[in-house]
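Please open the model in a viewer with selection by residue number enabled. The tour proceeds from strand pairing to ring contacts, then to turns and a pocket.

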Amino acid sequence: QVELVESGGGLVQPGGTLRLSCQPSGLPFATIAMAWFRQATGKEREVVAAISRSTFTYYQDSVKGRFTISRDNAANTVYLQMNGLKPEDTAVYHCALRTRYWGSTTPPADSNDYDYWGQGTQVTVSS
């Protein structure tokens, strides 16, 4: 059974920093793409950042220059370094993985294109 374990969320003041990690277990195949999505209360889930196996990346415009996604292929682990956090970044952050073939260098940014999901970790940015 596939399980994605996320860690690193918490409460931080505006301008602060957090680093999220996601490590899967029980995967039958290598991951093609990995991503972080977030869902704030009362809002729809949205992509934050995504990364392909060859480390091509995609970022939502609102996090460009502040967040960095990276991955360790050997450990199948994906990270999200979040700097300059803002109150509007407050949300539950979910890790997502895709194991099916993807025919583009740009990783997918649609939640429907991912196969496995983590339970989520809360990120709260507040003074």
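Select β9 (91–98) together with β11 (121–125): the two pair in the antiparallel sense over 3 bridges. Strands here are DSSP E runs of at least two residues, helices are H or I runs of at least four, and both are numbered from the N terminus; two strands pair if DSSP finds at least two bridges between them. Within this pairing, tyrosine 93 stands opposite threonine 121 of β11. The model is a predicted one, in which local features need pLDDT of at least 70 and side-chain atom pairs count only at pLDDT 80 or more, while totals for chains, interfaces and linings use all residues. Residues are numbered from 1 along each chain as its sequence is written, and side-chain values use heavy atoms, with hydrogens and water left out.

Keep β9 selected and add β10 (116–117). These strands run antiparallel and are joined by 2 bridges, with leucine 97 having tyrosine 116 of β10 as its bridge partner. Colouring by accessibility shows β9 as mostly covered, with 7 of its 8 residues buried. Buried means under 20% relative accessible area, exposed means over 50%, and partly exposed lies in between, for a 1.4 Å probe and protein chains only.

Next, add β4 (residues 33–39). Antiparallel to β9, β4 is joined to that strand by 7 bridges; alanine 35 has alanine 96 in β9 as its bridge partner.

From β4, move to β5 (residues 46–52), where 6 of the 7 residues are buried. The antiparallel strands β4 and β5 share 6 bridges, and tryptophan 36 is placed opposite alanine 49 of β5. The two form a hairpin with 6 residues between them, and glycine 42 in its turn has a positive phi of about 80 degrees.

Alanine 49 also leads onward: its bridge partner in β6 is tyrosine 59. Strand β6 (residues 57–59) runs antiparallel to β5 and is joined to it by 3 bridges.

Which residue in the turn of the β5 and β6 hairpin has a positive phi? Select threonine 55, whose phi is near 70 degrees although the residue is not glycine. The hairpin has 4 residues between its strands, and threonine 55 is partly exposed because its relative accessible area is 48%. Most residues other than glycine have a negative phi.

For a second such case, select asparagine 76, where phi is near 55 degrees. Asparagine 76 belongs to the loop between β7 (67–72) and β8 (77–82); its relative accessibility is 17%, so it counts as buried.

Now display the aromatic side chains. The whole structure contains 3 aromatic pairs; rings of Phe, Tyr and Trp (its six-membered ring) pair if their centres lie within 6.5 Å, and planes under 30 degrees apart count as stacked, over 60 as edge-to-face and the rest as tilted. Phenylalanine 37 and tyrosine 114 are edge-to-face, because their planes meet at 75 degrees, with 5.6 Å between the ring centres. This pair links distant parts of the chain, 77 residues apart: phenylalanine 37 is in β4, and tyrosine 114 is in the loop between β9 and β10. Tyrosine 114 also forms an edge-to-face pair with tryptophan 117, at 6.5 Å centre to centre and 70 degrees between the planes. Phe37, Tyr114 and Trp117 are thus linked into a cluster by ring pairs.

How do the members of this cluster differ in exposure? Tyrosine 114 counts as buried because its relative accessibility is 6%, whereas tryptophan 117, at 27%, counts as partly exposed. Add arginine 45, which lies over the face of tryptophan 117 at 4.4 Å from the ring centre; a charge sits over a ring if NZ of Lys or CZ of Arg is within 6 Å of the ring centre and within 35 degrees of the ring normal.

Finally, display the largest pocket, which holds about 200 Å³ of space. On a 1 Å grid over the protein atoms alone, a pocket is an open set of points where a 1.4 Å probe fits, with protein on both sides within 12 Å along at least five of seven lines, and lining residues have an atom within 4 Å of a point. Grid points are joined across faces, edges and corners, and the volume is the space filled by probe spheres set on the points. Of its 14 lining residues, Arg38, Ala40, Lys43, Glu46 and Glu88 lie nearest the centre.
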